[in-house]
Structure formats: C-alpha cells, structure tokens
Amino acid sequence: MSVDFSYLLRKEDPGAALRDLDDVVVLASVVTDDGETIPAGTEGTIVGVWKDGEAFFVEFAEPEGALATVRPINLRRIGRHAP
C-alpha cells in the first residue's frame with residue numbers, strides 16, 4: 001500500500017486504529033482475568049493499550065468490572081469518545 005493511499009484512508013476515518021476509551025464489541029469469546037467467559041457479541045470499553053496496539057485491556061459491564069486482554073483481531077470499534 002502506498003503512503004499516499006494510506007494517508008487517504010486515514011483522512012476519511014481519522015484515528016481508525018483502536019485506542020483507549022473506545023467502545024468495542026468482541027468478535028470471539030474471551031476469558032477474563034478472573035476466569036469468566038465473555039461471549040462473542042458482548043460490548044465493552046478499552047481501558048488500556050498494550051505494546052502499541054498488539055493487545056487491549058477491555059472492561060465489560062457484566063460480570064461487573066470484568067477485565068480481559070483481547071487481541072485487536074477479536075475487536076470491532078462501535079463508538080469513540082472525543083479526545
């Protein structure tokens with residue numbers, strides 16, 4: 001992909017990459033740090049970014065305060081809070 005084409009993609013969707021406080025949905029089941037299974041389709045919020053986006057710490061409402069480390073391939077952004 002050329003740099004010019006990449007720039008055009010970013011221009012159309014600024015900040016396309018996932019980032020802290022984005023609202024996301026998990027595309028595959030994930031296991032929380034406490035061992036609970038979060039099913040695919042569950043919504044959460046990114047609360048931490050690991051190694052420049054190699055993985056994300058996602059918080060879920062149910063079970064209350066559940067946290068899981070999720071790879072970006074298993075996430076889809078559904079909302080973004082203003083910086």
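Helices and strands are here runs assigned by DSSP, with at least four residues for a helix and at least two for a strand, and they are numbered from the N terminus. With these elements as landmarks, Asp52 can be placed in the loop between β4 and β5. The model described here is a predicted one, and the report moves from the whole chain to single residues.

## The chain as a whole

The secondary structure of the protein chain consists of one helix and seven strands, and along the sequence these elements follow the pattern α-β-β-β-β-β-β-β. Of the 83 residues in the protein chain, 28% count as buried. The accessible surface comes to about 5700 Å², and 54% of this surface belongs to carbon and sulfur atoms. Among the contacts in the protein chain with a separation of 6 or more, 46% are accounted for by residues 24 or more positions apart.

## The sheet

Strands of a sheet pair through backbone hydrogen bonds, either parallel or antiparallel. In this model, five strands form an open sheet in the order β6-β5-β4-β1-β7, and their pairing is antiparallel. Because β6 (66-70) and β7 (75-79) stand at the edges and each has a single partner strand, one side of each is left without a neighbour in the sheet. On average, neighbouring strands of this sheet are turned by 45° against each other, direction ignored. The pairing of β1 with β7 is antiparallel and runs over four bridges, and Val24 stands opposite Arg77 in β7.

## Two loop residues and their contacts

Asp22 lies in the loop between α1 (3-12) and β1 (23-26). Buried means under 20% relative accessible area, and since Asp22 has 0% relative accessibility, it counts as buried. The side chain of Asp22 makes a polar contact with the side chain of Arg80 at 2.8 Å. Not counting residues up to four places away in sequence, Asp22 touches several residues, including Ala17, Gly44, Arg77 and Arg80.

Thr42, in turn, is found in the loop between β3 (37-38) and β4 (43-50), and its side chain reaches the backbone oxygen of Pro39 at 2.7 Å. When neighbours within four places in sequence are left aside, Thr42 is in contact with Val24, Val25, Val26 and Phe60.

## An aromatic pair

A pair of aromatic rings is described by the distance of the centres and the angle of the planes. The count for this model comes to one aromatic pair. Trp50 and Phe57 form this pair, which is edge-to-face, with 6.1 Å from centre to centre and 75° between the planes. Trp50 is partly exposed, with a relative accessible area of 45%, whereas Phe57, with a relative accessible area of 18%, is buried.

## Backbone details

Most residues other than glycine have a negative phi, and most peptide bonds are trans. Lys51 is found in the loop between β4 and β5, and the table sets out its values beside those of Asp52.

| Residue | Phi | Relative accessible area |
|---|---|---|
| Lys51 | positive, about 50° | 64%, exposed |
| Asp52 | positive, about 55° | 84%, exposed |

Neither Lys51 nor Asp52 is a glycine, although each has a positive phi. A further detail of the backbone is the cis peptide bond that joins Glu62 and Pro63, with an omega of about -10°. Pro63 has its place in the loop between β5 (55-60) and β6.

Terms used
Residues numbered from 1 in each chain as written. Predicted model: local features only at pLDDT ≥ 70, side-chain atom pairs only at ≥ 80, totals over all residues. Heavy atoms only, no water. Buried < 20%, exposed > 50% of the residue type's maximum accessible area, 1.4 Å probe, protein only. Polar contact = N/O pair within 3.5 Å; in protein donor to acceptor, adjacent residues only side chain to side chain. Contact = heavy atoms within 4.5 Å. Pairing = 2+ DSSP bridges. Axes fitted to C-alpha atoms, helices over the stretch in contact; angles between N-to-C directions. Areas by Shrake-Rupley, 256 points an atom, 1.4 Å probe, with all protein chains shown as cover. Phe/Tyr/Trp six-rings, centres within 6.5 Å; stacked < 30°, edge-to-face > 60°.
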